[in-house]
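Me: I would like to learn how to read the features of a folded chain. Please take me through them one at a time.

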Amino acid sequence: MSPSPRRLTAAVAALTLAAAGVVAFAAPAAAAPGDLLISEYVEGSSFNKAIELYNPSTAAVDLAAAGYSLKLYFNGSTTASTIPLTGTAAPGDVFVLAQRNSTATPVDPAITAQADQTTTASLWNGDDAIALVRGDVVVDVIGQIGVDPGAEWGSGLTSTADNTLRRNVAVVVGDADGTNPFDPALEWTGYASNTFDGLGSHGTDPEPDPDPVADCAATPVTIGSVQGSGAASPIPGQDVLIKGVVVGDFQSGGYDGYYVQDAGDGDSATSDGIFVYAPGGAAVNVGDNVSVAGAVKEQFGLTEIVAADMEVCFGGATIPEPTPLTLPASATQREALEGMYVTLPQQLAIGETFEYGRFGTITLTNGRLDTPTAVVEPGAAAVALAAANVENSITLDDGRGTQNPDPAIHPDGEVFTLAHSFRSGDLVQNATGVLDYRFDAWGVQPTEGADFTVGNPRPDVPDVGGDLKISSFNVLNYFTSIDPTPANSGDDSYYRGADTAEEFQRQQDKIVSALAEIDADVFGLLEIENNGTAVQALADALNAKVGAGTYVPVTTGVIGTDAITTAIIYKPASVAPVGAHLLMTSAVDSTWSDERNRPGLTQRFASTETGEEFVVSVNHLKSKGSACAESPDLGDGQGNCSAVRTAAAKALTTWLNTTVAPDGRAIVIGDLNSYDHEDSIDAFVAGGFTDLEKQFNGEHAYSYVFDGQLGYLDYALAQPALLADVSGVSAWHINADEPSLIDYDTSFKLPAQDALWAPDPYRSSDHDPVIVGLNLTPPDTTDPTIEVTADPSTVFPPNGKMRTVDFTIDAADDSGDDVTVELTDVTATGSSKADWEQLDDDTFRVKAVKGAVYRFTWTATDAAGNTATDTVEVVVGK
């Protein structure tokens, strides 16, 4: 999922060395007069970030030739991320570096207009140190290298968080000592967030326009005229005076403002509400009637007024009734309500919880939504469904713009706890608050709790029947190697799991709890560390819970070149490996991409009880998350690298069908990174494999939730002969529906949220495990027994009258199961006048005519279809 453009800052503690006043780098040489210095620092909202450098000398400076660069020290780290500088700083002039503007990283035009160099690198937040370096010489520093100040250096406007800092003109030499405490008030003047009017010049602050003045007696403009009927205000940058009622107060929590709604302009296409951005402004309350004067601004799609002045005209005003907003709703329909007090009257499902722990947001959907290619073919149908899904979803925010909010708020307005939690699929009705547009999403900032109903309770382990179970389990980067430098993101391509021993224990406890409850005879594991030992460590941890020796791994050592791999653990009491494990790689089939896919791990097993054999092939195909030059995203709903996955599917099916399992007793399990209508799954089906999830659970089966949409990436695909033995298949929904707030990871969580962890199966991964039941008991070939007696067996005298005959039937089977008995034949011989009739199941009447012989045949059938018969005679005469 593409992350929303919120600030992504690793939450790590300050280094012990730094806290002790010791830093692990050499003292820099002193900056010299004439060196460049940092003259302006911009740390605005989202991607509004820039650094201005001033050249105080009388000569132009070629930045690349002189070896200038910026070094960024994130979160107290002593390891820097470097941005080489290119271009020229003219004498007495400035040079501006800024974030590159794009759809994913939108930057205010006021910054891009002044930028001399842009970068796609991750830039700073208020707790990061920035050094201007010439070669190996540090010439100026903002912050203190090796120290994490928590949120910022300084306070108020003169701080490094969410503000603009301008260097005082009297300062002509940079601060080259990155080890000393940093107080911006000594050399800098602070300005409010997103102040850009001084960028591009040093020492020549522009003359400010007179601030507009609020006036309760003055005639305001309508808010509708400010909002306009389009996606943006028709009057950006203009000063306006509005008047209305405060319908939402979000001055604390990071939004620094409130929403005002007026009586309306009679135009349903224009919104009657607007956000007033007023950091540090006078306090207001919901119900205050206010006059606000300020400039109109478009803030990443949200129309707002930057308050210059505000006057409370009176309090206790009647708040307008919330306007109903029902889904589906188009962007135009939502735009007409932007900033207004609204309610969502429908009973909506909780769809996505990915950002709940980090930013307090969930997605509500009009029913549970399907991932398009999980239910329709790629192409136009999938594209249309994707668009419909957007109109059928909306964000429910928490009224806070800060990261890692504490406490986490339940949709009903109460505090989220383990005893008062929710899952995707639970139901929310009458969510009420203010509609706005932030972080590329429409959302409701709630002013009260919604009605909540449990609609998707936690399920028990599925009963899939059979006498042997196979399970596919994605263990979400189970790494026994702990990241030695968690603050350094440069090694995250390898160290993908826990950052600390505590995190690892929390992760392992959850995974083990889930594996133990599933109690499979064979587990195929995905996303386990490819170090040759992690699988044994997990087996040992599981055995510590369920009993020594219960599980052993298929020993493979390191396979492939990726940091993660596939693995198998199994119960030796239930199954035994037949032969060595096999790997599907390009050495087997050149169309298989070793660069893109993890090796397919394949092992034949035999039941220790029956000797019946089957093959398990565990696979993890190329993800959609990163591009493949040879297989780009075609825009048909399949995402990146579909052709790579399809080639892998064809290679694997051919190999299994012809070489590994020509007996037709193979099952492919694992994360195939494809939904079931995509080309790669079609290739498996064309190769004779049956998609067991669809076979047993239908079109809407799922094991994964992405962007609030359901589908399954985790498969069990069976060849024909093994299909006959499958007794049941189900995903156990312990992960995909659970909010990540309760997972093992302590990153981006405050202590109260860390404490929500429990050593249970829930959110042990982000994929649900898939469980398959197999019946490997030898077929029942033993016939049942049956014995029938007639009372009487001889009828006398032969007087031509109808006589009653009762039959006693004894039938049994060695299985102990019930036996079905039915009358399958009746014959009458010896007289043309013989006749009979049935009174009930075991009572008949026969005609007593001389010489007649009646033969009644009964058949017993057991559960396996085996049969036995018995025929009894009733004779008329002596």
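**Helices that pack together**

Me: At what angle do α9 and α10 pack, and how far apart are their axes?

Reply: Two packed helices are described by the angle between their axes and by the distance between those axes. Here α9 and α10 pack at an angle of about 65°, and their axes are 9 Å apart. Axes are lines fitted to C-alpha atoms, for helices over the stretch in contact, and angles between N-to-C directions run from 0 to 180 degrees. Helices (H or I, at least four residues) and strands (E, at least two) are DSSP runs numbered from the N terminus. Keep in mind that this is a predicted model, where local features need pLDDT of at least 70 and side-chain atom pairs count only at pLDDT 80 or more, while totals for chains, interfaces and linings use all residues. Residues are numbered from 1 along each chain as its sequence is written, and side-chain values use heavy atoms, leaving out hydrogens and water.

Me: Is the crossing of α9 and α10 left-handed or right-handed, and which residues make the contact?

Reply: α9 passes α10 in a right-handed crossing (the near helix is turned clockwise from the far one by less than a right angle; anticlockwise would be left-handed). From α9, the contact uses Q508, I511, V512, S513, L515 and A516, and from α10 it uses A537, L538, A541, L542, K545 and V546 (contact means heavy atoms within 4.5 Å). By class, that contact has nine nonpolar, two polar and one charged residues. Ala, Val, Leu, Ile, Met, Phe, Trp, Tyr, Cys and Pro count as nonpolar, Asp, Glu, Lys and Arg as charged, and the others, Gly among them, as polar.

Me: How do helix α11 and helix α12 pack?

Reply: Helix α11 (residues 642-660) and helix α12 (residues 679-686) have axes 8 Å apart and an angle of about 15°. That makes α11 roughly parallel to α12 (under 35 degrees is roughly parallel, over 145 roughly antiparallel, 65 to 115 roughly perpendicular and the rest oblique). Their crossing is right-handed. S642, R645, T646, A649, K650, L652 and T653 in α11 meet D679, S680, A683 and F684 in α12. This contact of α11 with α12 has four nonpolar, four polar and three charged residues.

**Sheets**

Me: What is the order of the strands in the open sheet that includes β28?

Reply: Strands of a sheet pair through backbone hydrogen bonds, either parallel or antiparallel. This open sheet of six strands runs β30-β31-β29-β28-β42-β41, with mixed pairing (two strands pair if DSSP finds at least two bridges between them). β30 (552-553) and β41 (726-731) are at the edges with a single partner strand each, so one side of each has no neighbour in the sheet. β29 (residues 522-529) and β31 (residues 564-570) pair in the antiparallel sense over six bridges, and F523 has I569 in β31 as its bridge partner. Helix α9 (residues 501-518) packs on the sheet, touching β28 (468-478), β29 and β42 (770-774), and its direction makes about 170° with that of β28. Helix α10 (residues 534-546) also packs on the sheet, where it touches β28, β29, β30 and β31, at about 125° to the direction of β29.

Me: Which strands stand at the edges of the open sheet that includes β1?

Reply: The order of this six-stranded open sheet is β8-β7-β2-β1-β13-β14, again with mixed pairing. β8 (117-119) and β14 (188-191) stand at its edges with a single partner strand each, so each has one side without a neighbour in the sheet. On average, neighbouring strands are turned by 20° against each other, direction ignored. Inside the sheet, β1 (residues 37-43) and β2 (residues 49-54) run antiparallel, joined by six bridges. E40 has E52 in β2 as its bridge partner.

**Links and bonds**

Me: How many disulfides are there?

Reply: Two, counting pairs of cysteine sulfur atoms within 2.5 Å. C216 and C313 form a disulfide with sulfur atoms 2.0 Å apart. Their link is left-handed, with -95° about the S-S bond. The pair links distant parts of the chain, 97 residues apart: C216 is in the loop between β14 and α4 (223-227), and C313 is in strand β19 (residues 302-314).

Me: Where are P328 and P407 found?

Reply: P328 lies in the loop between β20 (323-324) and α5 (331-335), and the peptide bond from L327 to P328 is cis, with omega near 5°. P407 is in the loop between β24 (393-396) and β25 (427-438), and a cis peptide bond with omega about 0° joins D406 and P407.
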